[in-house]
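Thanks for making the time. I have one structure to go through, and I will start with its open and closed spaces before turning to two residues.

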Amino acid sequence: MSSNRPLRVVLLLSTLSLLSACSFGESKPTPAPAVSTTANAPIDLQRFMGTWYVIGRVPNPVERGHVASVNQYSLRGDQKVSISYRFRDGFSEPQQELTVRASVDEESGNHNWRTWFYKVVPTHTRVLEVAPDYSWAMLGYPGREMAWIFARKPDMDKDLYKELATRLRDQYGVNTDKLKRVPQHPEQVDRLGYEVPNVR
């Protein structure tokens, strides 16, 4: 990783945070989702910990073009979480890592998270839904300009992915026209609907 990459990431995240705060203040309340066993139920932090593969996301300046993207969550104290984001710029490129610390709002049912990149840039995310068996999760961002679909395995059935993308659009107001699948295997590069790697 180049020596000035952390600075670039901090600047990008600072910009995202400011834009997010503005759009969040102007946005309308999220419509109540259809009946779900996970949307309003508290998140079990212990069960949420572990490995999550990034199956889909709305590309953003920090993650755009990454392949084999994985998040590793671990508790580090009461309502505190450490996050390790691992990725490659291309499948022939070395693995890189960003570390993030997070504080979880217990009063939100553990849905609302505040995260810090490089200990200085605060951002906000919300765990929108988690599968009853914690096999998949959907996360969002204030203003709805970013969203993620996670899974415990690097592959997800296309029908399930389509269903979750539809939920993001219809129940949470995410612009899923921008949603892209993240290549987790080399053979997924150049497939329709997948994000283009930084290095091909």
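By class, what residues does the lining of the second largest pocket have? Three are nonpolar, two are polar and three are charged. The classes are as follows: Ala, Val, Leu, Ile, Met, Phe, Trp, Tyr, Cys and Pro count as nonpolar, Asp, Glu, Lys and Arg as charged, and the others, Gly among them, as polar.

A word on the source. This is a predicted model, in which local features need pLDDT of at least 70 and side-chain atom pairs count only at pLDDT 80 or more, while totals for chains, interfaces and linings use all residues. Residues are numbered from 1 along each chain as its sequence is written, and side-chain values use heavy atoms, with hydrogens and water left out.

Back to that pocket. Its lining consists of Tyr161, Lys162, Ala165, Thr166, Arg169, Thr176, Asp177 and Leu179, and its volume is about 180 Å³. On a 1 Å grid over the protein atoms alone, a pocket is an open set of points with protein on both sides within 12 Å along at least five of seven lines; a cavity is a set where a 1.4 Å probe fits but cannot get out; lining residues have an atom within 4 Å of a point. Points are joined across faces, edges and corners, and a volume is the space filled by probe spheres set on them.

Two cavities reach 30 Å³ or more. The second largest has a volume of about 40 Å³. Val54, Ile55, Pro154 and Tyr194 are among the residues lining that cavity, and by class its lining has six nonpolar, two polar and two charged residues.

Now the chain. It has three helices and nine strands (DSSP runs, H or I of at least four residues and E of at least two, numbered from the N terminus). Of its 200 residues, 48% count as buried, meaning under 20% relative accessible area with a 1.4 Å probe, protein chains only.

Asparagine 71 lies in strand S2, residues 67–77. Its relative accessible area is 7%, so it is buried. Leaving out residues up to four places away in sequence, asparagine 71 touches, among others, Trp52, Val54, Tyr85 and Phe150; contact means heavy atoms within 4.5 Å.

Isoleucine 43 sits in the loop between helix H1 (5–26) and helix H2 (45–48). Is isoleucine 43 buried or exposed? Buried, because its relative accessible area is 4%. With the same sequence neighbours left out, isoleucine 43 touches residues including Phe48, His111, Val127 and Tyr134. Valine 127 is 84 residues away along the chain, and the two C-alpha atoms are separated by 8.1 Å.

Notes. Buried means under 20% relative accessible area, exposed over 50%, partly exposed in between (1.4 Å probe, protein chains only).
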